[in-house]
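Trainee: Please take me through one part of this model in detail. Start from a single side chain and work outwards.

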Amino acid sequence: MLFRSGVYNYRTIAGSMTLSQHAFATAIDLANFRTAAGVTHSVNDDFVMNGSPTCPPRAVNARDRLLKEVACWMFDARVFHIVLTPNYDAAHRNHFHVDLTAGGRTVRAEVPGGVDPASHPFFDLFIDDH
């Protein structure tokens with residue numbers, strides 16, 4: 001089971017005039033995950049930021065590994081086109097942003113400054129180890 005923290009929100013991407021995928025209800029922010037055994041894993045508390053790439057998982061403990069495996073699974077299984085983790089930037093420290101950006105196919109880590117990852121036509125240049 002997973003807990004969502006944000007789905008539909010008519011707004012732009014921070015610092016831009018481009019509508020966020022949340023404005024089209026094609027994005028979800030996921031902050032916590034609960035296992036079948038009832039153990040809750042918090043992205044804020046359990047995900048260890050260790051930079052690019054996020055996939056394959058380079059974990060420091062079991063809780064961190066589970067979260068990174070979930071992020072990589074969501075991408076590998078094509079559940080979502082874009083998966084932003086805390087390795088992406090400070091704004092995503094406490095959640096995974098996942099969306100269905102048309103033509104998107106990446107687990108994102110860092111992109112060069114000034115590049116809007118949600119709308120840049122060449123985002124495939126920034127594919128994170130996939």
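**One arginine and its surroundings**

Mentor: Arg93 is found in the loop between β4 and β5. Helices (H or I, at least four residues) and strands (E, at least two) are DSSP runs, numbered from the N terminus. The model is predicted, so local features need pLDDT of at least 70 and side-chain atom pairs count only at pLDDT 80 or more, while totals for chains, interfaces and linings use all residues. Residues are numbered from 1 along each chain as its sequence is written, and side-chain values use heavy atoms, with hydrogens and water left out.

Is Arg93 buried or exposed? Neither: at 22% relative accessibility, Arg93 counts as partly exposed. Buried means under 20% relative accessible area, exposed over 50%, and partly exposed in between (1.4 Å probe, protein chains only).

Now look at what Arg93 reaches. Leaving aside neighbours within four places in sequence, Arg93 is in contact (heavy atoms within 4.5 Å) with Val43, Asn44, Phe47, Met49 and Pro86. Val43 is 50 residues away along the chain, yet the two C-alpha atoms are separated by 7.5 Å.

Two backbone oxygens matter here. The side chain of Arg93 reaches the backbone oxygen of Phe47 at 3.0 Å. The backbone oxygen of Val43 lies 3.5 Å from a polar atom of that same Arg93 side chain. A polar contact is a pair of N or O atoms within 3.5 Å; within protein, one must be able to donate a hydrogen and the other to accept it, and residues adjacent in sequence count only if both atoms are side-chain atoms.

Val43 and Phe47 lead inwards. Both belong to the largest nonpolar core, which has twelve residues in all. Such a core is a set of buried Ala, Val, Leu, Ile, Met, Phe, Trp, Tyr and Cys residues joined through side-chain atoms within 4.5 Å. β2 (27-34), α2 (62-76) and β5 (96-99) each give two or more residues to this core. The largest share, four residues, comes from α2.

Next, follow the loop into β5. Phe96 and Val98 point one way from this strand, His97 and Asp99 the other way, and all are buried. β5 has partners. Four bridges join β2 to β5, and the two run antiparallel. Asp29 has His97 as its bridge partner. Strand β4 (residues 82-84) and β5 also pair in the antiparallel sense, over three bridges. There, Ile82 stands opposite Asp99. Two strands pair if DSSP finds at least two bridges between them.

Go back to helix α1 for Asp46. Asp46 has 12% relative accessibility, so this residue counts as buried. A polar contact of 3.1 Å joins the side chains of Asp46 and Arg63. Not counting residues up to four places away in sequence, Asp46 touches Thr40, His41, Arg63, Asp64 and Leu67.

One more link involves α2. Cys55 and Cys72 form a disulfide (sulfur atoms within 2.5 Å), with their sulfurs 1.9 Å apart. The pair links distant parts of the chain, 17 residues apart: Cys55 sits in the loop between α1 (43-46) and α2, Cys72 in helix α2. The S-S torsion is about -105°, so the disulfide is left-handed. Cys55 counts as buried at 1% relative accessibility, and Cys72 counts as buried at 5%.

Finally, the whole chain. The protein has two helices and six strands, running β-β-β-α-α-β-β-β from the N terminus. Buried residues make up 41% of its 130 residues.
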